[in-house]
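Q: Could we go through this structure feature by feature, taking the general idea before each case?

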Amino acid sequence: MTISTANWTTLYTNINIATMTAASNGYGEIMDAALAISAGKIAWLGKASDLPNFDKNTVDVVDGKNQWLTPGLIDCHTHIIYGGNRANEFELRLQGASYEEIANNGGGIVSTVNATRQASEETLFKSALKRLTAMQKQGLTTVEIKSGYGLNVETEVKMLNVATQLSKHLPITVKRTFLGAHALPTEFKNDADGYIDLVVNEMLPQICKQQLADSVDVFCEGIGFNLAQTERVFKAAQQYKLPIKVHAEQLSDLGASELAAQYQALSSEHLEFLSAHGVKAMAQADMTAVLLPGAFYFLRETKLPPIAKLREHNVAMAIATDANPGSSPIHSIQLMLNMACTLFRLTPVEALAGVTCHAAKALGISHYTGMLKVGYDADLAFWDINQPAELCYQFGVNPLTTLIKQGKRVI
């Protein structure tokens with residue numbers, strides 16, 4: 001078969017590639033490789049010895065200096081838009097105060113909601129841009145950002161507007177998730193059903209009218225919303241043809257993942273208390289398990305997600321930072337790679353898949369990113385390492401040398 005090289009613009013040579021293709025074994029390595037780009041897409045990749053003839057006068061040939069090339073990394077679960085911070089609560093907890101004591105004194109999520117409501121859109125944008133810029137420098141080319149610190153129509157819209165603006169100011173794909181059903185605001189104390197009425201009848205229609213969300217999430221938990229309330233949001237999301245996600249089984253097993261499977265959800269996230277029935281339901285629905293080792297670490301949890309069961313049933317496992325001001329004020333996807341291995345006992349291959357191909361699957365975008373394949377977006381990360389496992393082995397020294405977003409160098 002003749003391969004057309006007429007439209008190639010850039011060719012990277014002298015590289016080793018971890019394709020992370022779902023059908024591959026391990027990292028999908030190609031040693032002594034090359035990769036060509038055309039119109040922001042991967043046009044060709046393979047062994048350098050198999051390179052077809054191309055016009056050296058029109059193609060920019062770049063020496064990769066024997067570095068490793070992976071897909072650009074994906075953080076598929078974050079809450080990086082918020083007002084204020086909760087460092088004072090961190091200090092209080094270390095001094096012995098309980099979460100309940102802090103919450104009863106106006107702290108916890110209530111304090112973040114108040115600060116977010118009071119902050120201007122510009123203030124929220126500037127603080128989130130600083131966080132996202134730092135995250136991008138670790139190799140991110142795609143990020144999911146959830147709302148959920150507004151808990152009223154005005155502020156939820158404001159947060160999603162900020163998420164939209166971020167994608168216009170940084171060369172990074174931003175997937176926006178509406179998480180209005182994140183917690184119960186004080187004005188609806190003891191009236192969770194009334195608040196869900198607001199989410200379903202006012203927030204969601206307004207957000208969809210302005211095309212501000214790519215998916216819908218719910219925090220289904222004892223301190224969040226019950227199964228019936230969660231299902232109401234799922235049904236409303238379906239009416240607007242928005243994909244569904246769920247915060248589930250973080251603190252207890254309510255069966256939220258099984259419910260989400262009935263609605264063909266993209267993912268279930270946290271999952272420390274996920275049951276065997278929940279795992280099977282997720283497998284049958286082809287859902288992705290999004291694991292959040294940062295929250296596990298920061299909250300000093302002891303209950304591990306059922307990793308062995310997820311493996312047994314071939315449930316794809318994604319890894320994310322859960323970056324947020326309360327339970328995971330961590331903005332390092334590279335640290336998550338290490339924690340996924342050290343805390344959750346994932347292999348380095350599983351961890352790297354968790355921030356590439358499986359993270360893309362969790363966001364419903366695995367048909368064009370998260371892997372290195374012909375026709376996929378040229379979202380590429382170059383690393384000064386000797387083997388891919390080094391990305392999980394150490395952190396604190398950033399081995400990223402170059403980041404390419406849709407064929408253009410951004411770092």
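A: Helices (H or I, at least four residues) and strands (E, at least two) are DSSP runs, numbered from the N terminus. By that reading, G354 is found in helix α13, residues 348-354. This is a predicted model, in which local features need pLDDT of at least 70 and side-chain atom pairs count only at pLDDT 80 or more, whereas totals for chains, interfaces and linings use all residues. Residues are numbered from 1 along each chain as its sequence is written, and side-chain values use heavy atoms, with hydrogens and water left out.

Q: Is G354 buried or exposed, and which residues does G354 touch beyond those up to four places away in sequence?

A: Buried means under 20% relative accessible area, exposed means over 50%, and partly exposed lies in between, with a 1.4 Å probe and protein chains only. With a relative accessible area of 0%, G354 is buried. Contact means heavy atoms within 4.5 Å, and, residues up to four places away in sequence not being counted, G354 touches M317, A318, I319 and A359. From C-alpha to C-alpha, G354 and D75 are 9.1 Å apart in space, although 279 residues apart in sequence.

Q: How far apart in space are Q229 and I30, C-alpha to C-alpha?

A: Q229 and I30 are 48 Å apart in space, with their positions 199 residues apart in sequence. Q229 has its place in helix α7, residues 227-239, and counts as buried at 8% relative accessibility. Leaving aside neighbours within four places in sequence, Q229 is in contact with A192, D193 and I196.

Q: How should a residue in a strand be read, and which residues does V62 touch, apart from those up to four places away in sequence?

A: V62 lies in strand β4, residues 60-71, and counts as partly exposed at 25% relative accessibility. Not counting residues up to four places away in sequence, V62 touches T10, L11, Y12 and T13. The C-alpha atoms of V62 and T10 are separated by 7.3 Å, while the two residues are 52 residues apart along the chain.

Q: Which residues of helix α3 are buried?

A: In α3, residues 109-118, the residues I109, T112, V113 and T116 are buried. They cover an arc of only 100° around the axis, and therefore they are on the same side of α3. The arc is that of the directions from the helix axis to the C-beta atoms.

Q: What sign does phi have in most residues other than glycine?

A: Most residues other than glycine have a negative phi. D286, which is not a glycine, has a positive phi of about 55°. D286 lies in the loop between α9 (276-284) and β11 (288-291), and counts as exposed at 53% relative accessibility. N314, also a residue other than glycine, has a positive phi near 55°. N314 is found in the loop between α11 (307-312) and β12 (317-319), and at 71% relative accessibility N314 counts as exposed.

Q: How many helices and strands does the protein chain have, and what is its radius of gyration?

A: The secondary structure of the protein chain comes to 15 helices and 15 strands. The radius of gyration is taken over C-alpha atoms, and the globule rule is 2.2 Å times the number of residues to the power 0.38. For the protein chain the radius of gyration is 21 Å, close to the 22 Å that the rule gives for 411 residues, so the chain is as compact as a globular protein of that length. Along its principal axes, the C-alpha trace spans about 70 × 45 × 45 Å. Buried residues make up 58% of the 411 residues in the protein chain, and residues 24 or more positions apart account for 70% of the contacts with a separation of 6 or more.
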